[in-house]
Amino acid sequence: LENKVLETFSNDGLTLFLQPVVNLKDAKCVGAELLLRVAEQSKFSIYPGLIVEILNKVGRGQLFTRWLINSACRFAAELKYEHQLKLYLTINLRAEDLYDFELPHMLLQSAALWKISPNDLVLEVTENGVLELNETTNSIIEELAKNGFKLALDDFGTGFSSLSRLRNIPIDIIKIDQSFVRDITHSKNDYEIVKSIAALANSLGKEVIAEGVEDQKCL
């Protein structure tokens, strides 16, 4: 499996799909999350999270992040200049990326290369994806925010430190985990949890994204 993943990565066999982010007020698409997939021509199927896990294990994690950032900036430039669409794209950072002092420079360099603004990208960290908040991670996160990159806290509500993450990281967007959203029409508890998270986020001036909206009733 490791060999197959390495072969796929080395032969440009990975691709990115776009999952739309829709504004509920006017039903317009305002952005999209980039989702990792294996390209169709690879004829190979594997869970995306496992791909990243394997690439980390064999020491290709940083190379993958570089590929992801460049690909995201290329997509953003294509949407902006070829299609005249004002959309932001979100990418998921690995926990290890927040220990990489080159990350802010890498992002700025790629954005400059493709002539996009830091505002065209949103960087997602999962709630459990921040290994720990220390001098290194704080420095890198603050540098990213200072340079104009928006930060999103993904899978909000599923970890043990949701509120401390919200307090200690300069988060712009809170993404409510789909486990609270998908059954919202059948579960009063889920409804109240989502309502409370949204109210908290709004009171703090954060944007809120609900993941897992798949039908009209849920919408």
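**A walk from helix 2 outwards**

What covers the buried residues of helix 2 includes helix 1, strand 1 (14–23), strand 2 (28–38) and helix 3. Keep in mind as you turn the structure that this is a predicted model. So which residues of helix 2 are buried? They are I51, V52, I54 and L55. Look down the axis of helix 2 and these buried residues fall within an arc of 165°, so they line one face of the helix. It helps to recall that an α-helix has 3.6 residues a turn, so residues three or four places apart point the same way. Swing round to the other side of helix 2 and you'll find E53 and K57, which are exposed. Just after helix 2 comes G59, with a positive phi near 80°.

K57 is a good place to pick up the next thread, the charged pairs. Side chains of opposite charge can pair when their charged atoms come close. Here, the side chain of K57 meets that of E2 in a salt bridge, at 2.8 Å from N to O. E2 sits in helix 1 (residues 2–10) and K57 in helix 2 (residues 48–57), so this pair ties together parts that are 55 residues apart in sequence. As for how open the two ends are, K57 is exposed, with a relative accessible area of 64%, while E2 is partly exposed at 30%.

How many salt bridges does the structure hold? The count is 10. Another one of them pairs the side chains of E102 and R66, 2.7 Å from N to O. E102 lies in the loop between strand 3 (88–92) and helix 4 (103–113), and R66 belongs to helix 3 (residues 61–82), so the bridge links parts that are 36 residues apart in sequence. Both ends are partly exposed: E102 has a relative accessible area of 43%, and R66 has 32%. Then there's the pair R94 and D97, whose side chains meet in a salt bridge at 2.8 Å, N to O. Are those two buried or exposed? R94 is buried, and D97 is buried too. Salt bridges that share partners also join E33, E124, K175 and E211 into one network.

E124 from that network leads us to the strands, since E124 in strand 4 is the bridge partner of N92. Strand 3 and strand 4 run parallel and are joined by 4 bridges. To get from strand 3 to strand 4 the chain passes through helix 4, and this β-α-β crossover is right-handed. Strand 4 (residues 121–126) is mostly covered, with 5 of its 6 residues buried. Strand 4 also pairs with strand 5 (residues 150–156): the two run parallel, with 5 bridges between them. If you want one to find on screen, try V122, whose bridge partner in strand 5 is K150.

Last stop, the cysteines. How many disulfides does a search of the whole structure find? It finds 0. Start from C29: the closest cysteine sulfur is in C218, 17 Å away, too far for a bond. A disulfide would need the two sulfur atoms within 2.5 Å. Seen from the other end, C218 is in no disulfide either, and the nearest cysteine sulfur is that of C29. Their surroundings can be compared as well: C29 is partly exposed, with a relative accessible area of 37%, whereas C218 is buried, at 13%.

Methods:
Residues numbered from 1 in each chain as written. Predicted model: local features only at pLDDT ≥ 70, side-chain atom pairs only at ≥ 80, totals over all residues. Heavy atoms only, no water. Salt bridge = Lys/Arg side-chain N within 4 Å of Asp/Glu carboxyl O. Buried < 20%, exposed > 50% of the residue type's maximum accessible area, 1.4 Å probe, protein only. Pairing = 2+ DSSP bridges. Right-handed = clockwise from strand over helix to strand, strands pointing away. Arc of directions from axis to C-beta. Contact = heavy atoms within 4.5 Å.
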